Amino acid sequence: MLHRLPLAEAFYTVWGYLASDAVLADLFDRYRGRCYEDQLTFAELVRVLADALTRYRGHGRGAILDAVQRNQISCQVRAVYGKLARLPLPLAEALLTTLTPRLRPLLPADARPAAVPASLSGLSVVVVDGKKIKRVAKRLLPTRNQPGKLYGGKLLVAYLPAEGVAVGLAADVDGEANDIRSIPALLPTVREVVTGPRRWVADRQFCDLIQPRRFAADGDHFAVRYGHNTGFHPDPTRAPVTGTDDDGRAVRQEWGWLGAEGQGERRLYVRRVTLIRPGDEDVGVITDRLDDRRHPGADLLAVYLTRWQIENVFQQITEVLHLQRLIGCRPPATVFQGALCLVLFNVLQLVRAYITAGRPEPTPVEDVSAEQALADMTRELIGLHEVLTLDEVTAALPVPGGDERVRGRVRELLSTQWSPKWAKVPNQKPRPEKPPPRKSGGHTSIHKLLQPKPPNGRT
């Protein structure tokens with residue numbers, strides 16, 4: 001059966017190496033806080049949730065009931081939901097930051113999703129952005145009559161465009177929290193797993209007098225989109241430079257300070273590179289790399305434009321890995337499901353990378369549809385478990401070895417696999433970009449609704 005189900009065997013080979021019971025038990029011991037294991041272990045919980053996302057299209061109840069019926073877990077259904085709701089945020093963050101370093105050595109070197117300009121070689125480009133977890137069901141008593149939309153937790157994610165994987169996570173229980181609040185927690189964890197120097201790429205909300213200094217610590221550099229909430233004051237001793245990028249668009253470079261003179265040492269001397277777009281909003285990027293000869297402005301803009309890839313990550317974990325169908329209603333449950341979706345996204349990226357690496361013609365990883373590849377993998381996983389029990393599947397799989405053994409087995413399984421439906425259809429008639437329509441209606445976060453109200457009823 002495994003011979004006829006290569007996607008299923010490849011997934012379980014990688015997953016068994018990344019998230020073995022020993023790895024998850026050690027992870028739980030280090031970050032469990034006040035949680036404990038009784039009848040339901042942390043490894044069993046992760047296995048059930050991973051089954052829900054890969055085999056049950058995000059339906060947690062179906063996966064839990066099936067696991068109880070097959071004696072894979074020895075507890076009641078409610079216990080799974082209760083355990084998920086009590087998991088601490090550091091455990092969810094560590095799930096990604098612990099399993100991803102084990103996955104990165106498995107990536108094939110001949111199938112990298114993106115490359116940086118030659119002038120920026122030697123730097124690890126890290127993209128940072130936040131993700132609200134939306135569409136929380138109004139099952140909890142304080143939320144049942146609440147109008148508008150409900151947010152779960154908030155994720156601040158670090159992404160490596162050169163490898164196509166998410167490497168860092170900082171979470172907040174309040175879905176309406178500003179991303180800046182999680183920056184001090186995110187940067188140290190990423191610096192532990194990504195070798196420096198690094199170039200941090202972020203959107204305009206991180207353009208202030210504090211975040212660029214945090215990005216530039218430890219010998220790192222930054223490329224942050226300029227936001228008009230922070231004033232830019234040109235250097236009168238250095239004239240602006242105008243040129244063009246590879247597409248012939250005008251590029252203006254200026255040198256100056258972020259912040260007014262009265263802000264003293266908080267001011268930051270930067271270079272601002274602006275892409276002029278007639279009829280559309282200009283794109284300005286600030287950086288601490290001041291030499292425009294060693295680091296051309298067009299290269300800086302090219303690196304910043306890789307930021308859109310993290311939006312694709314959020315779209316895929318939401319629609320492909322079913323984060324829009326939340327298993328738990330409390331903020332910690334939504335955060336943990338988001339972290340698990342990011343880990344599964346990395347596994348899916350690895351599968352796509354090996355599929356493209358085996359193609360006779362050069363095929364970018366992004367040309368393989370993640371949705372179609374996961375659909376075929378789901379079909380194989382369902383077929384495998386319809387015939388074999390979990391113990392039989394585990395016994396049939398090879399014992400995980402080191403990186404080389406796992407990498408060799410996955411390449412052997414996937415190098416000859418290809419289906420025409422995995423290829424993305426190019427857009428022959430691209431539509432002009434339009435701003436999304438403004439939607440009416442309020443929203444709040446579950447965390448705020450669950451906070452105790454003062455005696456006078458005021459907040």
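Which residues lie nearest the centre of the second largest pocket?

**View 1. The second largest pocket of the predicted model, seen at its centre.** Tyr12, Trp15, Gly16, Thr394 and Leu397 are the residues that lie nearest the centre of this pocket, whose lining is made up of 28 residues. The space within the second largest pocket comes to about 590 Å³.

**View 2. Helices and residue classes in the lining of the second largest pocket.** Two or more lining residues are contributed by each of the elements α1 (6-18), α2 (21-31), α3 (42-54), α13 (390-396) and α14 (403-414). Sorted by class, the residues of this lining comprise 15 that are nonpolar, seven that are polar and six that are charged.

**View 3. Strand β5 and the burial of its two faces.** Strand β5, which spans residues 198-202, is mostly covered, with five of its five residues buried. On one side of the strand Arg198, Trp200 and Ala202 are buried, and on the other side Arg199 and Val201 are buried as well, so that both faces of β5 are covered, buried here meaning under 20% relative accessible area.

**View 4. The pairing of β5 with strands β1 and β6.** Strand β1 (residues 124-132) pairs with β5 in the parallel sense over four bridges, and Val201 in β5 is the bridge partner of Val127. Strand β6 (residues 221-225) also runs parallel to β5, to which it is joined by four bridges, and here Ala202 has Val224 in β6 as its bridge partner. Both of these β5 residues, Val201 and Ala202, are buried, and they lie on opposite sides of the strand.

Technical notes: Residues numbered from 1 in each chain as written. Predicted model: local features only at pLDDT ≥ 70, side-chain atom pairs only at ≥ 80, totals over all residues. Heavy atoms only, no water. 1 Å grid on protein atoms, 1.4 Å probe; cavity = no way out; pocket = protein on both sides within 12 Å on 5 of 7 lines; lining within 4 Å. Points joined across faces, edges and corners; volume = space filled by probe spheres on them. Nonpolar A, V, L, I, M, F, W, Y, C, P; charged D, E, K, R; others polar. Buried < 20%, exposed > 50% of the residue type's maximum accessible area, 1.4 Å probe, protein only. Pairing = 2+ DSSP bridges.
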